[in-house]
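This text goes through one protein structure, from its overall make-up to its interior and a part of its surface. Please keep the sequence and the structure in view while reading.

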Amino acid sequence: MLARTRTVLWRLLALASLALAVVGLFLPVLPTVPFVLLAAWAASRGWPALDAWLVSHAHFGPAIRQWRAHGAVPRRAKWIATLAMSGSALVLLFLPVSGWLRGGVYAVLVVVGIWLWRRPEPPRAVIR
């Protein structure tokens, strides 16, 4: 019973992450690749068929394989993420939100940006 519940929870996490990744395709403020990576990680623990599909996917597969093999993020993805975060920061500047919330979001964006740019890039032979 516990193993079945655990499998269901991994599958729910994989589906929720994949759903957020799909939403992120259309909303520039929501990142796609981190949610795909989370979905693949959860699927590898409770849904091998979904994991295999994600790893072999033409669009998402390379990012998952690079992350698993090297913990790597391609430079192009870093630039896209940085531009998306910058756009989100700019939009947030004009929204009527409290200063502490705006400052908190900006702090998170800066920390994520620093973390992202410190990630290695995949070896040349792996880049598509």
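The paragraphs below start with the whole chain, then turn to two helices, the core and a surface patch.

The model shown is predicted. The protein contains 6 helices and 0 strands, and along the sequence the pattern reads α-α-α-α-α-α. Taken along the principal axes, the C-alpha atoms fill a box of roughly 45 × 40 × 25 Å. Of the 128 residues in the protein, 27% are buried. The accessible surface is about 8,600 Å², and carbon and sulfur atoms account for 73% of that surface. Among contacts between residues at least 6 apart in sequence, 63% join residues at least 24 apart.

Helix α1 covers residues 2–26. It has 25 residues, and the distance from its first C-alpha to its last is 37 Å, close to the 36 Å expected at 1.5 Å a residue. The residues buried in α1 are A14, S17, L18, A21 and G24. Their cover includes α2 and α3.

Helix α2 runs over residues 33–46. How far apart should its ends be? At 1.5 Å a residue, the 14 residues of α2 should span 20 Å, and the C-alpha atoms at its ends are 20 Å apart, so the two values agree. Buried in α2 are F35, V36, L37, A39, A40, A42, A43 and G46. Among the elements that cover these buried residues of α2 are α1, α3 and α4, the last of these being residues 61–70.

In general, nonpolar side chains in soluble globular proteins tend to be buried together. In this model, the largest nonpolar core has 14 residues, and those that touch the most other members are A14, L18, V36, L50, L54 and I64. Helices α1, α2 and α3, the last spanning 48–56, each supply at least two residues of this core. Which helix gives the most to the core? That is α2, with 7 residues.

L18 gives a closer view of this packing. Leaving aside residues up to four places away in sequence, L18 touches F35, A39, L50 and L54. L18 is itself one of the buried residues of α1, while F35 and A39 are buried in α2.

The surface has a nonpolar part as well. V8, L9 and L12 make a nonpolar surface patch of about 270 Å². L12 lies in α1, the helix that also supplies at least two residues of the core.

Definitions and conventions:
Residues numbered from 1 in each chain as written. Predicted model: local features only at pLDDT ≥ 70, side-chain atom pairs only at ≥ 80, totals over all residues. Heavy atoms only, no water. Patch = residues over 30% accessible without salt bridge, like charges linked within 9 Å, V, L, I, M, F, W, Y side chains within 5 Å. Areas by Shrake-Rupley, 256 points an atom, 1.4 Å probe, with all protein chains shown as cover. Salt bridge = Lys/Arg side-chain N within 4 Å of Asp/Glu carboxyl O. Helix = DSSP H or I, 4+ residues; strand = E, 2+ residues; numbered from the N terminus. Core = buried A, V, L, I, M, F, W, Y, C linked by side-chain atoms within 4.5 Å. Buried < 20%, exposed > 50% of the residue type's maximum accessible area, 1.4 Å probe, protein only. Contact = heavy atoms within 4.5 Å. Expected span 1.5 Å × (residues − 1).
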